[in-house]
Structure formats: structure tokens, C-alpha cells
Amino acid sequence: MTVPAGERGTTTVAPRAVRRIAERAAAEALPDGGSVLRGSAGVRGTSARISVGVRLPYPVRADEAARRIRERAAARTAALTGLSVPRAEVRVDTLSAGPAPVVPEAVEAAPGPEGGRSGPRIRAERRVPAAVLAAVGAVACGLVLADVVAVRFGGAPAGWRTAVLDWAATHGPADSAVRVGGAVAALAGAWLLGCALLPGLRRRLRMAAPGPGVRAALDREAAARILRERALGVPGVVRARVTVRRRRAGVRAGVGYGDPAEVRAEAVRVLDAALLELGLARPPALRVRVRREAGMPPPVPEESVVAVERPDAAGRSDAPTGSDVVGRPDTAVDGTPGARGGLRDGGEA
């Protein structure tokens, strides 16, 4: 006996199960040293939308790794759940910097298929302003709608609505309260327009687009940590402070030993190579400052040695011994008495 299709029941895959499957599928495509931080999923009908946040090791091509993870997560989720996955998102939330490797000479980064141009900037979602505006609008519209419906059915208008209408009828544009309210409304409108038009996410640096439709960005704090690790790997640097902005990267290094000029030159070479390896569309200008750490002795130059003639009892001079050094207070040069006496026979003071 065949049961009709409408009486066989339904199969529902919970969003939690979809999220776990997407996280596991993303972990299968991670490079060595990477991990899945968190994920989310939503199910509507026969389609699912997934989002996964990951941590990647450094150095790694974040755009290529994210593309592999996204394709793997979408394919495995669709195969194991039977749902279509029209959209899958992968967020690179952080980079884990390992021990600083030997830095090669700075080379130009190879341009991608788009010639190394930056892709479209990632825009901020701004969920909080949108939620606040939607909540305020929903409450106001609900109150007005409820009062209008009550009046239509023969009820009296609400007291708050009549009070607002009476206040508006007795106050004009010259009143201070009206002006303050208008200024607040204008500022709120300008703020909402800025949220809608400006992309936001100023803390992220755009990366070069490896292909069409791919957008990548690197957090400035992650870039600063990477540059700091590289700076601390330079011989002579015992302390480093790095600040990364959109157009400039500043490094302040403390030198514990060695010549500060040579340490600075090596730090500039290492950090230039590190900036190129980040794959940014517009690498920030590098500015390096070095300073000798307090309590560290300055480099001592080699002492110059001079030849000293030691006359004997007959007044003849022996060959230069070269054992006396300029600057000693108890030595005498060319038979001249020193600070604690002259030279006698046999070289005894």
C-alpha cells in the first residue's frame, strides 16, 4: 500500500544543526593552524543561510583561504541537509602570528586577476541603529493605529493625542521648545543619513581583490600585532610599539644593544617586507623611530693603543712595547711623569 505524499510527514532541519554542520565543514577546509571561532545559520523553507567566523594562521592568503572555506561549507551543508545554500559568508576575525620566520628581501607583491586593485569596500551592517529606528517607528505607528481604530468604532480619542494636538496649536516656530525639537530631529536625520550612505568599518584595511566579486579586509589591530612581532625579531630591538592607521604605520622601537642606525635600517627592511606580505590594496606609509633603552650603555669604541718608549739607565730607549693605553692616569708617555709619579729604571713607578 502506498501512502500519499501529503500523509508521509515532514522533515525539518533545525538552524542549530545547520550551524554545527557548517562549522564542521568549514573546519575541514582550514589551513594548518586555523580554527573555527563561531558560526550562525538561518533556515527559511528549503533554503539556508550560513555564516562562519574563523581564525587563520599568519602568513596566509586570507582571500584564497576564505574562498575555499566558503565553497566547502556551502557544498557540504547542502549535501548533508538537503537544503539549498544560496549565500554563505566567511569572516576572518583574527590572525594567529607564529614565530617570526627569516624575512627575505622585499619583493613586489604579485597582482591578482584584477591587476591588484582594491575590491569594493565592505560596508558596516549597523544593526543597532536599524533596530532602534525600527522599534521607535513600530511603537509610534502602533499607538496611532490603535487610537484611530478606537475612534472609528465610536470610542473617544486618546488623551495623549489630544494633548499633543493642543500643544502644537498653541506653540509656534518662535518657541524655544520647538526650535530645540527641530534641531534634535535634524541631527537625528543627519545621523541616519550618514549611517545609510557611509560605509563605516574604519578599523579595517582593504586588501587587494584576487578576483571579481571578492572583498577582503584586514583589521588594523591584527596588522599592528603582526608588525610588532616582526619588529621584535630584529636583532637589537627589545621593545616595540606599533600603531596602524589607514594611511600610515608608526613603529617605535627600543634598542637594547647594537648601533641604533644599523638597527633602524634592518627594522625598515623587515617591516617593508611585512607590509607587502599583508596583501593590502594601499599599504600604509612606514615610519620607524628607534631609541636606546634607559639603562643600556652606549656602544664603547675600541681604545686606541700608542707605543711608549721606556728609557734605561744609560738613557737609551728600548723598542716600543705598546702595552700602555692613552687615558690611564698612572701611565707616562715618552718619559713624562704621570698622575701618580714618573717612570724609573726597569719600568717601576
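**Exercise 1. Helix H2 and its end**

Which residue just after H2 takes a positive phi, and of about how many degrees? Then check the span of the helix and find where its buried residues lie.

Solution. The model is a predicted one.
- Step 1: The residue just after H2 is Gly82, and its positive phi is about 80 degrees.
- Step 2: H2 covers residues 62-81, which is 20 residues. At 1.5 Å a residue, the helix should span 28 Å, and its end C-alpha atoms are 28 Å apart, so the two values agree.
- Step 3: The buried residues of H2 are Ala62, Asp63, Ala65, Ala66, Ile69, Ala73, Ala74, Thr77 and Thr81. Seen down the helix axis, these buried residues fall within an arc of 155 degrees, so they line one face of H2.
- Step 4: As background, an α-helix has 3.6 residues a turn, so residues three or four places apart point the same way.

**Exercise 2. From S1 to the loop before H2**

Describe how S1 and S2 pair, then locate Pro59 and Arg61.

Solution.
- Step 1: S1 (residues 35-44) and S2 (residues 47-58) are paired in the antiparallel sense, with 9 bridges. One pair of bridge partners is Arg44 and Ser47, the latter in S2.
- Step 2: The two strands form a hairpin with 2 residues between them. In its turn, Gly45 has a positive phi of about 70 degrees.
- Step 3: Pro59 lies in the loop between S2 and H2. The peptide bond that joins Tyr58 and Pro59 is cis, with omega about 0 degrees.
- Step 4: Arg61 is also placed in the loop between S2 and H2. Its relative accessible area is 44%, so Arg61 is partly exposed, a class that runs between 20% and 50%.
- Step 5: Arg61 and Gly279 are 218 residues apart in sequence, while their C-alpha atoms are 7.9 Å apart in space.

**Exercise 3. Strand S7 and its partners**

How many of the 8 residues of S7 are buried, and in which sense does S7 pair with S6 and run with S8?

Solution.
- Step 1: In S7 (residues 248-255), 6 of the 8 residues are buried, so the strand is largely enclosed by the rest of the structure.
- Step 2: S6 (residues 237-244) pairs with S7 in the antiparallel sense over 7 bridges. Val237 has Val255 of S7 as its bridge partner, and a hairpin of 3 residues joins the two strands.
- Step 3: S7 and S8 (residues 285-292) run parallel and are joined by 8 bridges. Across this pairing, Ala253 stands opposite Val290 in S8.

Notes
Residues numbered from 1 in each chain as written. Predicted model: local features only at pLDDT ≥ 70, side-chain atom pairs only at ≥ 80, totals over all residues. Heavy atoms only, no water. Helix = DSSP H or I, 4+ residues; strand = E, 2+ residues; numbered from the N terminus. Expected span 1.5 Å × (residues − 1). Buried < 20%, exposed > 50% of the residue type's maximum accessible area, 1.4 Å probe, protein only. Arc of directions from axis to C-beta. Pairing = 2+ DSSP bridges.
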